[in-house]
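Morning, everyone. I'll take you through one structure, chain by chain. Please have a look at it first.

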Amino acid sequence: MSATDDVEKAVAAAFREEWGQVVATLIRVTGDWDLAEESAQDAFAQALDRWRRDGIPRRPGAWLTTTARHRALDVLRREAVGAAKLREAAVLARDEGPYDPEYDGEDSGVQDDRLRLIFTCCHPALPIEARVALTLRTLAGLTTPEIARAFIVPEATMAQRLVRAKKKIRNAGIPYRVPPAHLLPERTTGVLGVLYLLFNEGYAASSGADLVRTDLCAEAIRLARLLARLMPDEPETLGLLALLLLHDARRHTRVDAAGELVTLEDQDRSAWDRAEIDEGTALLETALRRGRPGAYQIQAAIAACHTTATTAEDTDWADIAALYGELSRFVPSAVVRLNRAVAVGMSEGADAGLALVADLEREGDLTGYHLLPATRADLLRRSGRTREAAEAYERALELVENDAERRFLQKRLAECRSA
Amino acid sequence: MKYALLFCTPVGAEERSPAEHAADPRFAAYFDEVRAGRVTGGARLRPASDATTVRVRGDEVLLSDGPFAETKEYLAGISFIDVADLDEAIALAARHPAALDGGSVEVRPVWE
């Protein structure tokens, strides 16, 4: 391998590892999000040439941050027409030290910068799409066209969304900081929610051929890993990472070669990602030992019940039903209760599950949701009442929107009719 | 940072005078504890039914009764506050009784 390849690899690796940190630090020292991104971009471009000439620095992150800081200072000095800009440049110059490969004292501060950045990107005063886009752009280093493709919106729309979000942060006075203790629990939940949404965007796209979208799963896991490292005392951050890993382990077996949905019980368990399952379950155990359960830990525990069962028949449905019961204390939603109905139907018999489905039908919160009749249909099918099951499948088919799910329900309906 | 808090009340809700508000313990708590030292000015406004809207089209001054648009809420009052950042402004807004009872508080940064 040539030295050029080595440098390109080192820059690519540094980009994945250090981009968020460089941008986060530059935002703190300049207060200017656009300047921070431009300076970071410039530092990575310079790295290609300079590392070829001078060798790869011992601490690439510190080299990049120092270089980006110099660049920002240059820009501010050049633009320093007003007193405010001069003050900014002065502040920047004061912090400015030469790159020192031995100096390691800034590391805790550097980590704080990334936490500041993620809490600011996920501030609840920003619209949710902007939170997701801003996190991907500034913290994960995805380009605007990449984010636009991942969310299937025109590039101009995504660019506009990012511009507007940065403008609001500046004009509305959204603070660049980790929230104080009294706000931290709810804001942390907000950050975790953004990462979970990001993962689900990629997960839902798994049935399609669009690899950019499924890359969102990898980005969400990378960001959740970062957050778990930055907030190791918060069990829900570990719970979220565990949940994402346990879902991701099964991702590739959810659709077959023809693009058709494969249900959990028919998936090829030998193809599940063992390393992800092991890491997810270990993280979950660490989280649960803290004795502060939460929605993500419980969902991870449910996912672990599935992924650690050697066969579908070995699944501990009684355990899963109990966990869904626990989950509804944290997330009082009818969808959670529907999932519990499935688990109860599997552990105590179809009639027990059908009784819970009937409760939900009476309450009406899920009217129009195709999985309500689909669940009824599945429980009836399992207990051999194929004629009633077929009727419920027909109702589900009237409501379903996703093509892969429609084909799956049609297949089941045909099976029930021919039984 | 300076913000304006715009207190919006549902149209048709009970209209209470400043004196009645002052006697309400929730407002008293807000005035005495929450906003102390952070409000730089403001006003309670009479209801939308007392409003006159002015527009000029060509040379003509057009007047209409009430607020310009049909809305579900009307602006009942305004405060100017000076606080550290949006989080602090939100905390103030969230403690104001108008944010409860079906009303809302709009937090707007002052354009300086």
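**Two chains, one sheet**

Let's start with chain A. It has 419 residues, and 41% of them count as buried. Keep in mind that this is a predicted model.

What is the secondary structure of chain A made of? Helices: there are 19 of them, and zero strands. Now take the contacts in chain A between residues at least 6 apart in sequence. Of these, 59% join residues at least 24 apart.

Next, where the chains touch. How many residues of chain A are in contact with chain B? Seven, and they meet five residues of chain B. On the chain A side, five of the residues are nonpolar and two are polar. No charged residues appear on that side.

Now to chain B, and its sheet. A quick reminder from the textbook: strands of a sheet pair through backbone hydrogen bonds, either parallel or antiparallel. Which is it here, parallel or antiparallel? Antiparallel. The sheet in chain B is open and has four strands, in the order E2-E5-E1-E6. At the edges sit strand E2, residues 39-44, and E6 of chain B. Each of these two pairs on one side only. From one strand to the next, the twist averages 20°.

Let's zoom in on one pair. E2(B) runs antiparallel to strand E5 of chain B, residues 73-82, and five bridges join them. For a concrete example, find B:Val39: its bridge partner in E5(B) is B:Ile81.

What packs on this sheet? Helix H3 of chain B, residues 86-95. H3 touches strand E1 (2-10), E5 and E6 of chain B. The direction of H3 makes about 155° with that of E6(B).

Which residues of H3(B) are buried? They are B:Leu86, B:Asp87, B:Ala89, B:Ile90, B:Leu92 and B:Ala93. Those buried residues pack against E1, E5 and E6 of chain B, and also against helix H2 (25-34).

Last stop: B:Glu106. You'll find B:Glu106 in strand E6 of chain B, residues 104-109. That is one of the edge strands. Why does B:Glu106 count as partly exposed? Because 14 other C-beta atoms lie within 10 Å; buried would take 20 or more, and exposed 12 or fewer.

Leave aside the neighbours within four places in sequence, and B:Glu106 is in contact with B:Leu6 and B:Cys8. And B:Arg35? B:Arg35 is 71 residues away along the chain, and the two C-alpha atoms are separated by 16 Å.

Terms used: Residues numbered from 1 in each chain as written. Chains lettered and ligands numbered in written order. Predicted model: local features only at pLDDT ≥ 70, side-chain atom pairs only at ≥ 80, totals over all residues. Contact = placed C-beta atoms within 7 Å. Nonpolar A, V, L, I, M, F, W, Y, C, P; charged D, E, K, R; others polar. Pairing = 2+ DSSP bridges. Axes fitted to C-alpha atoms, helices over the stretch in contact; angles between N-to-C directions.
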